[in-house]
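Grab your viewer and a pencil: here are some short exercises to work through with the model open. Try each task before reading its solution.

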Amino acid sequence: MKMTLTVGVIGGLLLSTGLSAKTLQPQDSLATQQETEAVILAGPEGKLNQARTNAKALGGALKARLQQAIAKGGLEEGVEACYVAAGPIAQALKKDGWTVGRTALRVRNQDNQPDGWEETQLHEFADALSKQLPMPLEASRWNEETGELRYMSAIVTGQVCTACHGNNVDPAVLGIIREKYPEDTATGFAPGSLRGAFTLTYSPE
Ligand code: HEC
C-alpha cells in the first residue's frame, strides 16, 4: 500500500503567508521543525481546509454549549453538555464523508482512547506546547491510494475547563463525573497544557 505520510506541527500564520515551507518526514524531530518554521500538511488543500473548518465548528459549538449549560444549571449540567453537543455535529458532518471526534492521552470517556497514530501526534502536540511553538498545532496523514485523510488539531486546557479537568475539581462535581465515567483519568490538567485534540477522518464514499 502506497502511503503518503507527513506529520507536521505548524504555525497558522506562517502557513498562510507561505513562508519557507517544507514537507517533513515523520522521523524528523521537532527541533528540525522549529528551524524550518513551517510545515506543509499531507493531503489535498481543499480537504485540509474542510478539516480545519469542521474542527473549528465542533470546538465552537462545544464551548458555546458548555457555557450555556453551566450558566443555566451549573457544572452539573455542564457534565452532560461536554458530551451531548458533540453528537449532532458529528452526525451532520457524516453525510459529507467526515468522522469527527475528540481524543486525548488521558481520557474521561474510554471511547475516546487514541489509536497508534493519534497517540504519536498527541505526544508531539504536548511537546510543542511545552516549547511554546506557535498555534494552531495540527497534523495530518493522507493515503493517496484510498483518498482517506486524517487530521488532528490540538485542544489546549482553558481556565473554564479546569472546573472539570483540573487539579482541584469540586468533590460534588467529581462525584457526578465518576458516577458516569468510573474509569475517568481526565483530571489534573493545568491551564495552558494539552487537554487533547479534535480528530477527523475523511473517507471518500
Ligand atoms: C462541566 C464539566 C466539564 C467542563 C467544564 C469541561 N469538560 Fe471536557 N469533558 C467533560 C465530560 C463529562 C467529558 C466526557 C464526554 C464524553 O463522554 O465524550 C469530557 C470530555 C472531554 C474531552 C474528550 C476526551 C476525553 O477525556 O474523553 C475533551 C478533549 C474535553 N473534554 C475538553 C474540554 C475542554 C477543552 C474544556 C474547556 C473549554 C472542557 N472539556 C470543559 C466535562 C467537562
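The exercises below look at a sheet, one of its edge strands, a core and one residue.

This is a predicted model, in which local features need pLDDT of at least 70, side-chain atom pairs count only at pLDDT 80 or more, and totals for chains, interfaces and linings use all residues. Residues are numbered from 1 along each chain as its sequence is written.

**Exercise 1. Work out the strand order of the open sheet of 4 strands.**

Solution. Start with the vocabulary: strands (E, at least two residues) and helices (H or I, at least four) are DSSP runs, numbered from the N terminus. Two strands pair if DSSP finds at least two bridges between them.
- Step 1: the order is β3-β6-β5-β4, with antiparallel pairing.
- Step 2: β3 (98-103) and β4 (138-142) are the edge strands, each pairing on one side only.
- Step 3: β5 (residues 149-156) and β6 (residues 194-202) share 8 bridges, and M152 faces T199 in β6.
- Step 4: helix α5 (residues 116-130) lies across β3, β4, β5 and β6, at about 140° to β6. Such angles run from 0 to 180 degrees between N-to-C directions, with axes fitted to C-alpha atoms, for helices over the stretch in contact.

**Exercise 2. Decide whether the two faces of β4 are covered or open.**

Solution. Call a residue buried if 20 or more other C-beta atoms lie within 10 Å of its own, exposed if 12 or fewer, and partly exposed in between, with C-beta atoms placed from the backbone.
- Step 1: E138, S140 and W142 on one side are buried, and so are A139 and R141 on the other.
- Step 2: both faces are therefore covered under this definition.
- Step 3: β4 also pairs with β5 over 5 bridges, where E138 has S153 as its bridge partner.
- Step 4: 6 residues sit between these two strands in a hairpin, and G147 in the turn has a positive phi of about 80°.

**Exercise 3. Find which element gives the largest share of the largest nonpolar core.**

Solution. A nonpolar core is a set of buried Ala, Val, Leu, Ile, Met, Phe, Trp, Tyr and Cys residues joined through C-beta atoms within 7 Å.
- Step 1: the core has 29 residues, and A197 and F198 are among those touching the most other members.
- Step 2: α3 supplies the largest share, 7 residues.

**Exercise 4. Explain why A197 is classed as buried.**

Solution.
- Step 1: A197 lies in β6.
- Step 2: A197 is buried because 26 other C-beta atoms lie within 10 Å.
- Step 3: its contacts (C-beta atoms within 7 Å, placed from the backbone) include Q121, F125 and A154.

Notes: Contact = placed C-beta atoms within 7 Å. Lists of a residue's contacts leave out its neighbours within four places in sequence.
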